[in-house]
Amino acid sequence: MSRITVLTGGATAERDVALAGAAQVVQALRDRDHDVTVVDTVTGPMDAAQERRLLVPTVGATPPNISDLEQLTERECLPDVVRWPELREADLVFIVLHGRQGEGGLVQALLESGGIPYAGSGQLGSALAMDKDIAKRLLRDAGVPTPSWQMWPVGAATLTELGLPLVVKPSKAGSTVGLSVVRQPQELEVAVRTARAYDDEVLLEAFVPGREFTVGVLGEDALAVGEIIPSHEIFDYECKYTPGMTQEVFPADIPTALMEELQTLALRAHRALKLADFSRVDFRQGEDGRAYCLELNTLPGLTATSLLPQSAAAVGIPFPDLCERICSLALRRYEQRNKVRA
């Protein structure tokens, strides 16, 4: 039995996603007899009543509005994280956060500064994966195909080069929050404004039509390849978190050669961005037959409809085992680090 603190909540558009995932992680770890405490980066340590109120295992069809996020941001107490005994006295912190603060390296840097062990990728890998521009540069250099892109602002020549339709999204956000598909040049300004509500940098990416796939990574192993078939043209927030709006097929019904290619590329991408313990890598297969990496998720969703748990289950790893293995990988990594330092 270990003392594990689940760090969740956050003041991002993906707060509800984080709390829904935490509800499942907490239950799974307690079922394995771990001593589990829950801490919200906004409200602090949770008591039993707060857990019942906040840890709801479902997510609404739309993210929180901007005004609510601004109020949450004012209350967030991230600098105090390393001073809370719930974290300092834990054997391990299990981070269930999404968005820039949780996935972008800030929380990881704070925990490292306090010498607090945590599961998942470190400060550097988290920051690299969160910044889509930098991540795509590293993927390209590692031989992982990724759709062509440019950072806003761009000129008319760039729009011609990328073509239409065009994906416009915040450079440092997840869950497709703030993402738009632009079909006409006159739609671009509104799409950029939507993205900038969530980030100061906006990425314009060539739209890749075709089948969408995802691959979970656990330790040094690629898990099952899944195919995502959303009701909408893209796998947007509503399709991700509304049951029945997306068909998710695990394992994907694809040729063995394509499956192995996706798994190889997923591991290559995971290593190129210096990730640890677990991740999820998303792809689209273009009309040219090539697999293009869309992005990497260093803290992939752990809700009832999330893809990493399905990817694991398809290779015989049920959700409680997945959480247990993530903890074991992290604890083993810290033990090895301490031996090197000794």
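Visitor: Which strands make the hairpin with two residues between them, and what's the phi of glycine 219 in the turn?
Guide: S9 and S10 form that hairpin, and glycine 219 in the turn has a positive phi of about 65 degrees. Strands here are DSSP runs of E with at least two residues, helices are runs of H or I with at least four, and both are numbered from the N terminus.

Visitor: Before we go on, what kind of model is this?
Guide: It's a predicted model, where local features need pLDDT of at least 70, side-chain atom pairs count only at pLDDT 80 or more, and totals for chains, interfaces and linings use all residues. Residues are numbered from 1 along each chain as its sequence is written, and side-chain values use heavy atoms, with hydrogens and water left out.

Visitor: Okay, back to the hairpin. How many bridges join S9 to S10?
Guide: Six, and the two strands run antiparallel. Valine 215 stands opposite valine 225 in S10. Strands count as paired if DSSP finds at least two bridges between them.

Visitor: What sheet does that belong to, and what's the strand order?
Guide: An open sheet of five strands, ordered S11-S10-S9-S12-S13, with antiparallel pairing. S11 (246–249) and S13 (291–297) stand at the edges with a single partner strand each, so one side of each has no neighbour in the sheet. The twist averages 25 degrees from one strand to the next; that angle is between N-to-C directions, on a scale from 0 to 180 degrees, with axes as lines fitted to C-alpha atoms (for helices, over the stretch in contact).

Visitor: And on the other side of S9, how many bridges go to S12?
Guide: Eight bridges join S9 (residues 211–218) to S12, again antiparallel. Glycine 216 stands opposite arginine 280 in S12.

Visitor: What about S10 and S11, how many bridges there?
Guide: Four, in the antiparallel sense. Glutamate 227 stands opposite valine 249 in S11.

Visitor: Why is S10 called largely enclosed?
Guide: Because seven of its 10 residues (221–230) are buried. Buried means under 20% relative accessible area, exposed means over 50%, and partly exposed is in between, using a 1.4 Å probe and protein chains only.

Visitor: Switching topic: which peptide bonds to proline are cis?
Guide: The bond from tryptophan 152 to proline 153 is cis, with omega near 5 degrees, and so is the one from leucine 164 to proline 165, with omega near 0 degrees. Proline 153 sits in the loop between S5 (149–151) and H9 (156–162), while proline 165 is in the loop between H9 and S6 (166–170).

Visitor: Which non-glycine residues have a positive phi?
Guide: Aspartate 33 has one of about 70 degrees, and lysine 274 has one of about 60 degrees. Aspartate 33 is in the loop between H1 (15–31) and S2 (35–40), and lysine 274 is in the loop between H12 (256–272) and S12 (278–285).

Visitor: Is aspartate 33 buried or exposed?
Guide: Exposed, at 55% relative accessibility. Lysine 274 is exposed with a relative accessible area of 55%.

Visitor: And aspartate 35, what does it touch?
Guide: Leaving out residues up to four places away in sequence, aspartate 35 touches Met1, Ser2, Arg3 and Ile4, where a contact means heavy atoms within 4.5 Å. Aspartate 35 lies in S2 and is partly exposed at 40% relative accessibility.

Visitor: Last one: where's glutamate 51, and is it buried or exposed?
Guide: Glutamate 51 is in H2 (residues 48–54) and counts as buried, at 14% relative accessibility. With the sequence neighbours up to four places away left out, glutamate 51 touches Val26, Arg30, Val38 and Met46.
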